[in-house]
Amino acid sequence: QTISIAKAGITTVLNSRTSVLAAANPPSGRYDDLKSAQDNIDLQTTILSRFDLIFIVKDIRMYSQDKLIASHIVRVHATANAVSSDTRVSKEENWLKRYIQYCRTECHPRLSDSAATMLQNNYVKIRQDMRQQANESGESTVIPITVRQLEAIIRLSEALAKMRLSYVATEGHVLEAIRLFNVATMDAARSGINQHMNMTAEMAQAETQIKRRMGIGS
């Protein structure tokens with residue numbers, strides 16, 4: 001992974017030796033299902049395409065879910081002192097850290113021939129599906145599917161194999177990586193109903209009036 005920099009008269013390419021975990025809030029404060037992921041996140045497609053996985057997390061108002069979240073937060077604060085003094089928990093955390101460090105330093109898996117063929121076929125199919133969707137809607141996809149996304153799926157497959165200390169990324173690892181990519185990035189690319197319909201001036205005006213009377217996400 002590399003990062004291109006062109007500022008203050010300096011143009012160079014730097015190596016990126018770290019993972020980037022980023023979070024973004026919608027400009028309106030709540031996620032608008034009528035808009036695409038790009039409009040909700042308010043980031044350029046060139047930046048969105050650099051992330052391996054993009055998850056859309058919505059604050060859905062549900063009594064049962066809100067009660068579970070509230071109970072978990074209260075329980076965490078109520079048992080904070082007890083957990084910090086529990087040596088057994090700290091030992092388990094240290095073991096997990098050592099295991100992750102061992103996987104990163106000792107295991108360097110590579111794709112098998114069958115897994116590489118499966119990955120290639122699925123990448124071509126995803127490109128064809130997105131091209132067909134763009135032709136039907138008349139608009140380009142929010143998140144372009146390029147070689148970067150292919151490299152992202154490869155990294156996910158190798159990471160899944162590394163978690164199991166497997167030196168070969170098999171078809172099973174590729175299938176799981178593709179599943180994660182579909183439920184995350186591809187779901188974000190297909191989000192928003194406006195990208196599949198041509199809105200007239202009357203429809204846009206009606207949408208504006210409805211939004212004024214109803215809270216987004218309610």
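Which residue's side chain meets that of K125 in a salt bridge? In this predicted model, the partner is D129, with a nitrogen-to-oxygen distance of 3.1 Å. Both residues belong to helix α6, which spans residues 113–137, and because they are four residues apart, about one helical turn separates them. K125 is partly exposed at 48% relative accessibility, and D129 is likewise partly exposed, at 31%.

The total number of salt bridges in the model is four. Another of them joins the side chains of R155 and D52, at 2.6 Å from N to O. Here R155 is part of helix α7 (residues 147–163), whereas D52 sits in the loop between α2 (45–48) and α3 (63–78); the pair therefore ties together parts that lie 103 residues apart in sequence. R155 has a relative accessibility of 28% and counts as partly exposed. D52, with a relative accessible area of 26%, is also partly exposed.

Helix α8 offers a further pair. The side chains of R179 and E176 form a salt bridge of 2.7 Å, N to O, and these two residues are three positions apart within α8, about one turn of the helix. Relative accessible areas of 41% for R179 and 29% for E176 place R179 and E176 in the partly exposed class.

The same helix, covering residues 171–189, contains H173. With a relative accessible area of 10%, H173 is buried, because the limit for that class is under 20%. Beyond its neighbours within four places in sequence, H173 is in contact with S157, L160, A161, R164, S166 and V168.

Definitions and conventions
Residues are numbered from 1 along each chain as its sequence is written. This is a predicted model: local features need pLDDT of at least 70, side-chain atom pairs count only at pLDDT 80 or more; totals for chains, interfaces and linings use all residues. Side-chain values use heavy atoms; hydrogens and water are left out. Buried means under 20% relative accessible area, exposed over 50%, partly exposed in between (1.4 Å probe, protein chains only). Contact means heavy atoms within 4.5 Å.
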